[in-house]
Amino acid sequence: MDRNVNIIEDLDGKKIVVIHNIQFKGKRSVDWNEVKEYLKSYVGEFYEIADTKDIVYIGNDLPNEYTGSNYTYTLKGTVAKAKANASQGIPEMLEIAVGKHFRENSKKKHVENAAYGWYRYDSRFALPVYGEQGEVERYNVFHASMLIRHADDGKMYLYDIIDIKKETSNPLKP
């Protein structure tokens, strides 16, 4: 799939990843299998977080976790579609991530894959809202937490994107 993504700054100087296309559409629900297949294209890649210079890898567990986590199962409507379409901007969302926050690993099932704990970063992205004629009316801006696991191989891996919330401030104009 083609990616039409760029990074801009809002009036407060905070960066936003603008995703210009809605790849994952659906009147009722998201086809998470489609999203999973798309995410597989990132496996093996790595990206640098500009704020901290941390290198974050994309492991082969991301597609399953991103599309099949408990958090994803609870999503409905706009936020479900936002998470699905945010997958197009993962490299840029990692690049602009800020607010690194550490948490110890507390679950036995993550003893190896998060041996050195978890990090969360804040990121933002925007998705287009289309009018009746198919033109972009505005962009809705969302906040998200990038969940990074620090594995026993010493590397940091993107695990999931969670806590997605639509910002209620002014939406972006095209």
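A residue counts as buried here when its relative accessible area is under 20%. Keep that in mind as you work through this predicted model.

**Exercise 1.** Work out how many aromatic pairs there are, then classify the one formed by Trp118 and Tyr159.

*Solution.* Start with the cut-off: two rings pair if their centres lie within 6.5 Å. By this rule you get seven aromatic pairs. For Trp118 and Tyr159, the centres are 4.9 Å apart and the planes make an angle of 70 degrees. Planes over 60 degrees apart count as edge-to-face, so that's the label for Trp118 and Tyr159. Next, place the two residues: Trp118 belongs to strand 6 (residues 118–130) and Tyr159 to strand 8 (residues 156–166), so the pair ties together parts 41 residues apart in sequence. Last, check burial: Trp118 and Tyr159 are both buried.

**Exercise 2.** Do the same for Phe125 and Phe142: which kind of pair do they form, and are they buried or exposed?

*Solution.* The centre-to-centre distance is 5.2 Å, with 15 degrees between the planes. Under 30 degrees counts as stacked, so Phe125 and Phe142 are a stacked pair. Phe125 sits in strand 6 and Phe142 in strand 7 (residues 136–150), so this pair links parts that are 17 residues apart in sequence. As for burial, Phe125 and Phe142 are both buried.

**Exercise 3.** Find which lysine lies over the face of Tyr66, and which one over Tyr57.

*Solution.* Take Tyr66 to begin with: Lys83 lies over its face, 4.7 Å from the ring centre. Now go to Tyr57, where Lys155 lies over the face, at 4.7 Å from the ring centre.

Note on methods. Residues numbered from 1 in each chain as written. Predicted model: local features only at pLDDT ≥ 70, side-chain atom pairs only at ≥ 80, totals over all residues. Heavy atoms only, no water. Phe/Tyr/Trp six-rings, centres within 6.5 Å; stacked < 30°, edge-to-face > 60°. Helix = DSSP H or I, 4+ residues; strand = E, 2+ residues; numbered from the N terminus. Buried < 20%, exposed > 50% of the residue type's maximum accessible area, 1.4 Å probe, protein only. Lys NZ or Arg CZ within 6 Å of the ring centre and 35° of its normal.
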